[in-house]
Amino acid sequence: MITGKQANRKFKLGMHTYTLHLSGLGESWGFQSEGKTHAFEKVIDLDKLMDLCLEEGIEVIHMTLVDLDDDLSDAHLAAVKEKAERLGLDLELNISFNAPSDPRVNCTIEESLEIAHKLGCKLVKYSTDVEHPHPLSHSCMCPEAVEQMAKIVMDFRRNIPTIEKYGLKIAIENHCDLFADEVVWMVEQLNHPLIGACCDTINSLMLAEGIKDCIDKMAPYCYCVHFCDNRVFADPDGTHSLGCAIGDGDVDVVEIMKILREKAPEELDTIDLEIELPLSGYTIEEGRRLEIEAMRKSIKFMHEVLDIGIRGR
């Protein structure tokens, strides 16, 4: 149990737009076929999403380039910034270097810093897309991975002057491709007060890494958190991890918040909920409805049980 000052530590409530990816937000996942990349139809645009977040008690939008509808013009970015500021919403930008499913989210460090600055973002989160050799387990800090990580570290170093100029917080994620120790290694190599980690609370499973061990290691470096919950079970087809509303799964989300409140630096001021419901078992229309329901259920749980956020109470 955490006692004293840290027990009452407050966080803003954010949402990764991937939570509503069946509605065309965030990133489309698992749609490659015959060398082509497909995407979900966009039925909620960023303008509508900002209104929705205001209504539902979301204070921070953790967005991707997909949400900008391929319009990176100064006029469009300025309009997005103006509306977010008018509604009192903070923006964070989520970037990948070589996303395995949806190339629309890919961007260079240089380009992403300019986009984030024009949007008025306070943070840019990066998925590095480092590839580990097989077998995957026990491949942490293997030479093949370290070679890729070292190049990324050098790329970030070259961009530190711009990061400082714009005052942007940078977060490197364990995005199904980096072990906790590898993220920590990169952050420590960069050794800069504006550069930290993004811990996704479920991604460690993809690398056969324990959730609690991962969060214990990453929490002291966390500037960003993708707060997820999954149901984990086995059946004749194997072992599965399926996304669900926060509080409905097998992740001890209460314990995770205790760890973050106790160990995370003051730079972590937002917890971004993220939900990834199964892609099968219902129509696309039903899936979109279930996403909204899971989002609302998660917001209620995070407000009332985890004491995250200040709106909608």
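How many aromatic pairs does the structure hold? I looked this up in a model that is predicted, and I noted that the structure holds three aromatic pairs.

**Entry on the rings**

I examined the pair formed by Tyr-126 and Phe-156. The centres of the two rings lie 5.1 Å apart and their planes stand at 80 degrees, so I recorded the pair as edge-to-face; planes over 60 degrees apart count as such.

I then asked where each partner lies. Tyr-126 belongs to strand S6, residues 123–127, while Phe-156 belongs to helix H4, residues 143–158. The pair therefore ties together parts that are 30 residues apart in sequence.

Are Tyr-126 and Phe-156 buried or exposed? I found that both are buried.

I also noted a cluster, in which ring pairs link Phe-97, Tyr-126 and Phe-156.

**Entry on the largest pocket**

I turned next to the empty space. Rolling a probe the size of a water molecule over the atoms shows where such space is left. The largest pocket holds about 870 Å³ of space.

Which residues lie nearest the centre of the largest pocket? I listed Trp-29, His-175, Cys-176, Asn-203 and Glu-276, out of a lining of 41 residues.

I sorted the lining by residue kind and obtained 18 nonpolar, 13 polar and ten charged residues.

Finally, I checked which elements give two or more residues to this lining. They are strand S5 (90–96), S6 and strand S11 (238–243). The largest share, three residues, comes from S11. I remarked that S6 appears in both entries, as it holds Tyr-126 and also contributes to the lining of the largest pocket.

Conventions. Residues numbered from 1 in each chain as written. Predicted model: local features only at pLDDT ≥ 70, side-chain atom pairs only at ≥ 80, totals over all residues. Heavy atoms only, no water. Phe/Tyr/Trp six-rings, centres within 6.5 Å; stacked < 30°, edge-to-face > 60°. Helix = DSSP H or I, 4+ residues; strand = E, 2+ residues; numbered from the N terminus. Buried < 20%, exposed > 50% of the residue type's maximum accessible area, 1.4 Å probe, protein only. 1 Å grid on protein atoms, 1.4 Å probe; cavity = no way out; pocket = protein on both sides within 12 Å on 5 of 7 lines; lining within 4 Å. Points joined across faces, edges and corners; volume = space filled by probe spheres on them. Nonpolar A, V, L, I, M, F, W, Y, C, P; charged D, E, K, R; others polar.
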